[in-house]
Amino acid sequence: MLPLARLLSWLNRVMVVLGMIALLVASLVLTYSVVSRYVMQASTDWQDEAAVFCLVGATFLCTSFVQQLRGHVGIDAVAGWLPLGANRWRLLFVDLIGLLFCSFFSWKSWTLFHEALIEGQTTSSSWAPPLAIPYGLMAGGMTLLSLQLLVQLSARINAVNKN
């Protein structure tokens with residue numbers, strides 16, 4: 001799993017840079033939207049959807065990086081009560097459940113992406129961008145998160161087996 005872990009670490013850094021760019025683009029698009037709508041009385045059909053697509057991409061593509069850092073919100077109330085050995089098993093169980101959930105979410109996201117791509121689905125706005133864009137971003141991000149969880153679960157299993 002070490003080559004996969006190294007590849008994921010590199011990919012996670014790339015995704016964070018892309019996420020930062022997407023957040024910057026979303027803020028610029030929304031700022032333009034406010035200025036054009038209220039100062040120039042111009043129509044703003046595409047700005048909200050473009051910003052949402054950027055935010056979806058930033059959110060989903062960066063989840064694996066956050067997981068790599070173990071930066072997701074966690075509740076440690078139970079961890080303080082459990083002995084060290086039981087806590088190791090609890091963490092292994094949590095990683096396994098997380099992997100199963102994210103793998104299912106990833107699979108469903110890929111099916112949504114495929115349907116949107118094959119059927120040419122678009123949003124209901126007058127701009128009508130393809131729904132394959134946000135579904136693809138969601139599917140890609142959840143796949144990276146699932147792979148990150150798989151790497152961490154493997155490391156956790158190795159740690160439990162050593163003790």
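A: Let's begin with a term: helices (H or I, at least four residues) and strands (E, at least two) are DSSP runs, numbered from the N terminus. Gln 67, for instance, sits in helix 3. This is a predicted model, in which local features need pLDDT of at least 70 and side-chain atom pairs count only at pLDDT 80 or more, while totals for chains, interfaces and linings use all residues. Residues are numbered from 1 along each chain as its sequence is written, and side-chain values use heavy atoms, with hydrogens and water left out.

Q: Thanks! How many helices and strands are there in the protein chain?

A: The protein chain has six helices and zero strands. Along the sequence, the pattern reads α-α-α-α-α-α.

Q: How do I read the radius of gyration of the protein chain?

A: The radius of gyration is taken over C-alpha atoms, and the globule rule is 2.2 Å times the number of residues to the power 0.38. For a compact globule of 163 residues that value would be near 15 Å, but the protein chain has 20 Å. The C-alpha trace spans about 65 × 35 × 30 Å along its principal axes.

Q: What span is expected for helix 1, and what span does helix 1 reach?

A: The expected span of a helix is 1.5 Å times one less than its number of residues. Helix 1 has 37 residues and reaches 53 Å from its first C-alpha to its last, close to the expected 54 Å.

Q: Is Met 15 buried or exposed?

A: Buried means under 20% relative accessible area, exposed over 50%, and partly exposed in between (1.4 Å probe, protein chains only). Met 15, which is found in helix 1 (residues 2-38), counts as buried because its relative accessibility is 12%. Other buried residues of helix 1 include Leu 8, Val 16, Gly 19 and Ala 22. Across the protein chain, 34% of the 163 residues count as buried.

Q: Which residues does Met 15 touch, not counting residues up to four places away in sequence?

A: Contact means heavy atoms within 4.5 Å. With residues up to four places away in sequence left out, Met 15 touches Leu 61, Cys 62 and Leu 144. Met 15 and Phe 60 are 45 residues apart in sequence, and their C-alpha atoms are 9.4 Å apart in space. As for the buried residues of helix 1, they pack against helix 2 (47-61), helix 3 (63-68) and helix 6 (132-162).

Q: Back to helix 3: why does Gln 67 count as buried?

A: Gln 67 counts as buried because its relative accessible area is 10%. Not counting residues up to four places away in sequence, Gln 67 touches His 72, Leu 145, Gln 148, Leu 149 and Gln 152. Val 66 is also found in helix 3, but Val 66 is partly exposed, with a relative accessible area of 28%. The C-alpha atoms of Val 66 and Gln 148 are separated by 9.9 Å, with their positions 82 residues apart along the chain.

Q: Which residue in the loop between helix 1 and helix 2 has a positive phi?

A: That residue is Gln 41, in the loop between helix 1 and helix 2. Gln 41 has a positive phi of about 50° although it is not a glycine. At 61% relative accessibility, Gln 41 counts as exposed.

Q: And where is Ala 128?

A: Ala 128 lies in the loop between helix 5 (84-119) and helix 6. Ala 128 has a positive phi of about 55° although it is not a glycine, and at 26% relative accessibility Ala 128 counts as partly exposed.
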